[in-house]
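Hi,

Here is the structure I promised to pass on. Have a look at it first, and then read on for what turned up.

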Amino acid sequence: MERIEIAYARTFGCASGAVVLEHLRKMTIERAMGPNATDNELRWLESQRALVHKIEQLVLRGRENAKT
């Protein structure tokens with residue numbers, strides 16, 4: 001797993017990768033659904049949020065592993 005974590009850190013550690021990750025974050029984690037959102041829309045957004053969160057966690061662990 002360490003190898004893939006380091007790859008994520010390298011991919012999203014450059015300036016372009018940081019821009020992409022910030023864009024993904026704004027589209028998912030920072031997005032608010034209105035009161036008329038359907039159950040399916042909420043589930044879809046939550047799945048996207050989980051994926052972006054997973055990417056962020058892999059990046060963090062990759063950075064930690066690269067230091068050691």
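One term before anything else: a helix here is a DSSP run of H or I with at least four residues, and the numbering starts from the N terminus. On that basis Glu 5 sits in helix α1. Also keep in mind that this is a predicted model.

**The overall picture**

The protein has three helices and zero strands, so to speak an α-α-α pattern when you read along the sequence. Its radius of gyration is 14 Å, whereas a compact globule of 68 residues would be near 11 Å. Along the principal axes, the C-alpha atoms fill a box of roughly 50 × 25 × 10 Å. Of the 68 residues, 22% are buried. The protein exposes about 5200 Å², and carbon and sulfur atoms supply 56% of that. If you take the contacts with a separation of 6 or more, 62% of them are between residues 24 or more positions apart.

**α1 against α3**

How are α1 and α3 oriented to each other? Helix α1 covers residues 2-13 and helix α3 residues 39-67; they pack at an angle of about 105°, and their axes are 7 Å apart. Angles of 65 to 115 degrees count as roughly perpendicular, and α1 and α3 are therefore roughly perpendicular to each other.

On the α1 side, the residues that meet α3 are Glu 2, Glu 5, Ile 6, Tyr 8, Ala 9, Phe 12 and Gly 13. Their partners in α3 are Ile 55, Leu 58, Val 59, Arg 61, Gly 62, Arg 63, Asn 65 and Ala 66. Sorted by class, this contact has eight nonpolar, three polar and four charged residues.

**α1 against α2**

Helix α2 (residues 15-27) packs on α1 at about 95°, with the two axes 5 Å apart. That makes this pair roughly perpendicular as well, α1 to α2. Here Thr 11, Phe 12 and Gly 13 in α1 meet Ala 15, Gly 17, Ala 18, Val 20 and Leu 21 in α2. The class count for α1 with α2 is five nonpolar, three polar and no charged residues.

**Three residues of α1 to click on**

- Glu 5: is this residue buried or exposed? Its relative accessibility is 6%, so Glu 5 counts as buried. Not counting residues up to four places away in sequence, Glu 5 touches Leu 58, Arg 61, Gly 62 and Asn 65.
- Tyr 8: this one is also placed in helix α1, and with 25% relative accessibility Tyr 8 counts as partly exposed. Leaving aside neighbours within four places in sequence, Tyr 8 is in contact with Gly 13, Ile 55, Leu 58 and Val 59. Between the C-alpha atoms of Tyr 8 and Ala 66 there are 11 Å, with 58 residues separating them along the chain.
- Gly 13: this residue belongs to helix α1 too, and at 47% relative accessibility Gly 13 counts as partly exposed. Outside its neighbours within four places in sequence, Gly 13 is in contact with Tyr 8 and Arg 63. What is the C-alpha separation of Gly 13 and Thr 38? Those atoms are separated by 35 Å, and the two residues are 25 apart along the chain.

If you open just one view, I'd pick α1 with Gly 13 in it: Gly 13 is among the α1 residues that meet α3, and also among those that meet α2.

Cheers

Terms used: Residues are numbered from 1 along each chain as its sequence is written. This is a predicted model: local features need pLDDT of at least 70, side-chain atom pairs count only at pLDDT 80 or more; totals for chains, interfaces and linings use all residues. Side-chain values use heavy atoms; hydrogens and water are left out. Axes are lines fitted to C-alpha atoms, for helices over the stretch in contact, and angles run from 0 to 180 degrees between N-to-C directions. Helices (H or I, at least four residues) and strands (E, at least two) are DSSP runs, numbered from the N terminus. Angles under 35 degrees count as roughly parallel, over 145 as roughly antiparallel, 65 to 115 as roughly perpendicular and the rest as oblique. Contact means heavy atoms within 4.5 Å. Ala, Val, Leu, Ile, Met, Phe, Trp, Tyr, Cys and Pro count as nonpolar, Asp, Glu, Lys and Arg as charged, and the others, Gly among them, as polar. The radius of gyration is taken over C-alpha atoms; the globule rule is 2.2 Å times the number of residues to the power 0.38. Buried means under 20% relative accessible area, exposed over 50%, partly exposed in between (1.4 Å probe, protein chains only). Accessible areas come from the Shrake-Rupley method with a 1.4 Å probe; for residues, only the protein chains shown count as cover.
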